[in-house]
Amino acid sequence: MASPRTSPTGREVTFAPDEIIVSKTDLRGVITYANDVFLRVAGYTEAEVLGQPHNLIRHPGMPRCVFRLLWDTLQAQREIFAYVVNMTKTGDAYWVFAHVTPSYDLEHRHVGYHSNRRVPYADALPKVKQLYAQLLAEESRHTNPRAACAAGLALLQNQLSQHGTDYDTFVFSLSANTCLEASQA
Ligand SMILES: Cc1cc2nc3c(=O)[nH]c(=O)nc-3n(C[C@H](O)[C@H](O)[C@H](O)COP(=O)(O)O)c2cc1C
């Protein structure tokens, strides 16, 4: 978590549509690289993030099951796209559309992970927020974190089945592909 003392402020901050927030991790999700945009938006220095687990910027508004899906996908050596709300050092929220991939060395050994994040599509965000609220509500019915995660995943899977779609198709169906700035113009 951001810090045991940091609580969400309820404020949202954002970044420019032409900026990319980048971080890299080792195989355990420990941060090995963060670009300047990451540091500026999250409000940390490089020294504060390097060597820290990536849940440093976890926001309590994120359902556990989305991270389970992320890790299951990455560990199966596949890439994933996901909407994520993160928390700055001071407790503000910032939404991103993340593309997370496994990284390999020249011998094709799997050495870590890489995430590029852009400003989310504005038309997708209300749908994402509604879905995540449903997943969080489902997860909050369980005190055991594993059970909460399983229940959230089951609900997500159920919704995908009802719409006859899979996760990847669903993520891209959330937007008509207009970026935040363009759709506000
Ligand atoms: C490359 C990479 C990027 C990640 N980016 C984020 C991120 O931006 N925000 C976040 O909360 N978790 C991110 N995670 C997931 C975290 O490692 C972690 O699973 C998540 O914060 C949930 O933490 P928790 O299980 O302690 O609640 C990322 C993981 C990887 C491998």
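**Pocket and cavity briefing**

The lining of the largest cavity is made up of 10 nonpolar residues, with no polar and no charged ones. Keep in mind that this is a predicted model. Here's a quick run through that cavity, then the largest pocket, which comes in at about 770 Å³.

**The cavity**

- Searching the whole structure turns up 1 cavity of 30 Å³ or more.
- Its volume is about 70 Å³.
- The residues around the largest cavity are Val66, Tyr83, Val128, Leu131, Tyr132, Leu156, Tyr167, Phe170, Val171 and Leu174.
- Two elements each give two or more residues to that lining: helix H4 (125–139) and helix H6 (167–173).

**The largest pocket: size and centre**

- With a volume of about 770 Å³, the largest pocket is lined by 30 residues.
- If you're looking for the middle of the largest pocket, the lining residues closest to its centre are His54, Asn55, Phe67, Leu70 and Trp71.

**The largest pocket: who builds the lining**

- On the helix side, H3 (64–75) and H5 (145–162) are among the elements that give two or more residues to the pocket lining.
- The strands that do so are S1 (21–25), S3 (80–87), S4 (93–104) and S5 (110–118).
- Helix H3 gives the most to this lining, with 6 residues.

**The largest pocket: chemistry**

- Sorted by class, the pocket lining has 16 nonpolar, 8 polar and 6 charged residues.
- The cavity lining, for its part, has no polar and no charged residues.

Note on methods. Residues are numbered from 1 along each chain as its sequence is written. This is a predicted model: local features need pLDDT of at least 70, side-chain atom pairs count only at pLDDT 80 or more; totals for chains, interfaces and linings use all residues. Side-chain values use heavy atoms; hydrogens and water are left out. On a 1 Å grid over the protein atoms alone, a cavity is a set of points where a 1.4 Å probe fits but cannot get out, and a pocket is an open set with protein on both sides within 12 Å along at least five of seven lines; lining residues have an atom within 4 Å of a point. Grid points are joined across faces, edges and corners, and a volume is the space filled by probe spheres set on the points. Helices (H or I, at least four residues) and strands (E, at least two) are DSSP runs, numbered from the N terminus. Ala, Val, Leu, Ile, Met, Phe, Trp, Tyr, Cys and Pro count as nonpolar, Asp, Glu, Lys and Arg as charged, and the others, Gly among them, as polar.
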